[in-house]
Amino acid sequence: MAKRGLVNRQARREELVARHAEGRAELKRLVTHPETDPEVRAEAVRRLSRLPRDSSPVRLRSRDQIDGRPRGVLTRFGLSRVRFRELALSGEMPGVRKASW
């Protein structure tokens, strides 16, 4: 189980990413568009650098929805490999069963 502080930090980052997503996308569009005026581009880069560092989606980490484990997360289920195996073997995941041949 992940430390509560790390899970809380992740939640704050998710909130920041959602809050700044629209403005960040607009600024990045200005920076990458080839026909943007150089002064406008420079101002967009400055404004982009003033945004909080944690508002970048790259800083998010996929975590297990149940216990917050950061590694081995299966994105399709939102669970870590360990938790997925436990739930699948106990029959708590509908439609999932152990393959045997």
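**Close-up views of a predicted protein chain**

**View 1. Ala42 in helix α2 of the predicted model.** Ala42 counts as partly exposed because its relative accessible area is 30%, a value that is neither under the 20% limit for buried residues nor over the 50% limit for exposed ones. The residue has its place in helix α2. Between Ala42 and Leu30 there are 9.6 Å from C-alpha to C-alpha, and the two residues are 12 positions apart along the chain.

**View 2. Arg47 in helix α2.** The helix that holds Arg47 comprises residues 38-50. With a relative accessibility of 43%, Arg47 is classed as partly exposed. Gly23 is 24 residues from Arg47 along the chain, and the C-alpha atoms of this pair are separated by 9.8 Å.

**View 3. Leu48 in helix α2 and its contacts.** Leu48, also placed in helix α2, counts as buried because its relative accessibility is 17%, under the 20% limit. When residues up to four places away in sequence are left aside, Leu48 touches Arg24, Leu27 and Lys28. In contrast to these contacts, the C-alpha atom of Gly68 is 30 Å from that of Leu48, with the two positions 20 residues apart in sequence numbering.

**View 4. Helix α1, its bend and its buried residues.** Helix α1 runs over residues 4-32 and bends by about 55° at Ala21. Its buried residues are Gln10, Arg13, Leu16, Val17, His20, Arg24 and Leu27. Helix α2 is included in what covers these buried residues. Two of the residues that Leu48 touches, Arg24 and Leu27, appear among the buried residues of α1.

**View 5. Ser80 in strand β2.** Strand β2 consists of residues 79-80, and Ser80 belongs to this strand. Ser80 counts as buried because its relative accessibility is 1%. Beyond residues up to four places away in sequence, Ser80 touches Asp64, Arg69, Arg71, Gly72 and Val73.

**View 6. The whole protein chain, shown as context for the close-ups.** The protein chain contains 3 helices and 2 strands, which follow one another along the sequence in the pattern α-α-β-β-α. The radius of gyration is 20 Å, well over the 13 Å that the globule rule gives for 101 residues, so the protein chain is more spread out than a compact globule. Along the principal axes, the C-alpha trace spans about 65 × 35 × 15 Å. Of the 101 residues, 25% count as buried. Among contacts with a separation of 6 or more, 37% are accounted for by residues 24 or more positions apart.

**View 7. Surface and charges of the protein chain.** The accessible surface of the protein chain comes to about 8000 Å², and carbon and sulfur atoms contribute 51% of that area. The protein chain carries 25 positive and 13 negative charges. The mean position of the positive charges and that of the negative charges are 9 Å apart.

How values were computed
Residues numbered from 1 in each chain as written. Predicted model: local features only at pLDDT ≥ 70, side-chain atom pairs only at ≥ 80, totals over all residues. Heavy atoms only, no water. Helix = DSSP H or I, 4+ residues; strand = E, 2+ residues; numbered from the N terminus. Rg over C-alpha atoms; globule rule 2.2 N^0.38 Å. Buried < 20%, exposed > 50% of the residue type's maximum accessible area, 1.4 Å probe, protein only. Contact = heavy atoms within 4.5 Å. Areas by Shrake-Rupley, 256 points an atom, 1.4 Å probe, with all protein chains shown as cover. Lys, Arg positive; Asp, Glu negative; His and termini not counted. Charge placed at Lys NZ, Arg CZ, Asp CG, Glu CD. Bend = angle between axes of the 7 residues up to and from the residue.
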